[in-house]
Amino acid sequence: MRRTFVSMLILILFLTASNAAAADDQLPASAIISRFQQYLQINTAQPTPLYRVAADFLLAEAESLSLQSQTLEFVAGKPLVLLKWPGSDPTLPSILLYSHTDVVPVEHHKWSHPPFEAHVDPDGNIYARGSQDMKCVGMQYLEAIRRLKASGFNPVRNIYLSFAPDEEIGGHDGAEKFADSDVFKNMNVGIVLDEGLASPSEEYKMFYGERCPWWLVIKATGPPGHGAKLYDNSAMENLFKSIETVRKFRASQFDLVKAGLKAEGEVISVNMVFLKAGTPSPTGFVMNLQPSEAEAGFDIRVPPTADVESLERRIAEEWAPTSRNMTYELGQFKQKTPVTDNFGRPRVPTTGSSNPWWALLEKAVQKAGGKLGKPEIFPASTDARYFRNQGLPAIGFSPMANTPILLHDHNEHLNQAEYLKGIDMYESIIKAYSSYVEHPSKESSKDEL
Ligand SMILES: [Zn+2]
């Protein structure tokens with residue numbers, strides 16, 4: 001009875017699958033878009049992401065693709081889904097296709113379509129939080145693999161896919177612990193693909209490094225005094241001098257960008273993010289008293305190519321000089337990410353021909369009919385830094401051309417035609433990467449990777 005039932009079920013599934021395949025031929029895009037919508041509809045917004053639901057969805061996708069799967073939980077309730085497509089030569093370094101499952105919160109009333117409905121408008125734009133950052137990429141990896149499997153392709157290198165939690169809140173319970181884990185070491189990863197940015201032009205953006213966040217708090221102290229008195233070295237006056245100096249530096253960096261001499265990721269950006277001063281009273285601030293303390297916080301972003309020592313000197317000598325009774329919290333640079341990897345090497349993998357992964361990617365994108373812009377440094381932070389800390393090359397690439405940059409913005413959306421084109425790109429890239437075998441005569445190639 002049970003067996004009959006199972007056979008019937010298999011038959012039904014088979015027929016459904018054939019029908020789906022037939023339908024796929026007529027409308028190849030609809031099933032693909034609907035899978036993307038399903039993933040987008042899972043509300044994984046911080047601070048209460050539905051990680052378990054997302055993990056179950058991804059595991060079901062993996063099963064439909066016959067990929068090996070495991071769920072790692074470095075912190076309870078924060079699953080990282082790790083999938084594997086074994087290659088024919090597991091001794092070669094593997095490929096890691098990385099993505100994160102969480103998204104940033106939304107202000108519902110500012111959206112023209114509900115952010116977790118994945119509504120497709122008449123122009124084909126899919127509206128959803130995560131449509132650009134970065135559920136698109138996670139699903140495109142899977143769709144590319146679906147096509148490669150259907151075409152009978154077999155990888156030489158092991159291919160891993162990881163879907164990690166918490167990128168949007170720093171990745172400490174996700175990518176950071178993953179990159180440090182024995183599981184990761186045993187994966188013998190040779191190259192990581194992670195997220196990039198949408199590109200408003202027809203050229204895809206590619207990132208080979210990213211700026212490091214330095215969060216700086218400058219504190220000024222000085223003698224308190226009557227609000228009517230003019231005197232030197234008050235905390236407020238001293239802090240103002242610092243702020244003026246910081247603003248001049250900010251303008252000089254911004255001018256380089258505005259003049260087109262440097263890309264956003266190549267300059268040191270600094271923005272004041274808080275000011276804390278004044279003597280509170282039950283009716284507001286005391287108005288006739290100059291306070292003895294004042295503080296300002298700055299978000300500084302440092303490109304890996306910057307002269308770090310000179311920036312540190314600038315902070316100590318010009319922004320927060322002891323001669324003006326100033327101190328700064330260097331130790332509490334809340335994320336003073338090193339610009340070198342754990343082995344003291346600069347964290348910028350060489351682009352161009354000395355890095356085979358770079359050249360392979362360039363060629364693969366061209367082959368799939370895509371155009372690449374000049375390699376850039378990512379202006380903000382991604383989980384890629386944890387892999388770069390391990391000395392690994394990581395390339396940031398989210399194939400979205402002709403698309404406004406809307407990550408973390410209201411009405412984040414991606415056009416379905418662009419989404420489908422992105423799958424072509426990954427199909428070509430995954431094929432090229434997983435088939436790549438280093439030339440045996442190249443002794444130094446491992447180092448260059
Ligand atoms: Zn992201």
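Trainee: Which residue in E5 stands opposite valine 120?
Mentor: The model is predicted: local features need pLDDT of at least 70, side-chain atom pairs count only at pLDDT 80 or more, and totals for chains, interfaces and linings use all residues. Residues are numbered from 1 along each chain as its sequence is written. E4 and E5 (residues 125–127) pair in the antiparallel sense over two bridges; pairing takes at least two DSSP bridges. Opposite valine 120 in E5 stands isoleucine 126.

Trainee: Which strands are at the edges of the sheet?
Mentor: The sheet is open, with three strands in the order E4-E5-E21 and antiparallel pairing. Strands (E) are DSSP runs of at least two residues, helices (H or I) of at least four, numbered from the N terminus. Two strands pair on one side only: E4 (119–120) and E21 (413–415).

Trainee: What angle does the direction of H11 make with that of E21?
Mentor: H11 packs on the sheet and touches E4, E5 and E21. Contact needs backbone-placed C-beta atoms within 7 Å. Axes are fitted to C-alpha atoms, for helices over the stretch in contact, and angles between N-to-C directions run from 0 to 180 degrees. With E21, the direction of H11 makes about 70°.

Trainee: How are H4 and H11 oriented to each other?
Mentor: The axes of H4 (residues 135–150) and H11 (residues 416–435) come within 8 Å and cross at roughly 60°. Under 35 degrees is roughly parallel, over 145 roughly antiparallel, 65 to 115 roughly perpendicular, and the rest oblique. H4 and H11 are therefore oblique.

Trainee: Which residues in H11 meet H4?
Mentor: H4 contributes Cys136, Gln140, Tyr141, Glu143, Ala144, Ile145, Arg147 and Leu148. They meet, in H11, Tyr419, Gly422, Ile423, Tyr426, Glu427, Ile430 and Lys431.

Notes
Two residues are in contact if their C-beta atoms, placed from the backbone, lie within 7 Å.
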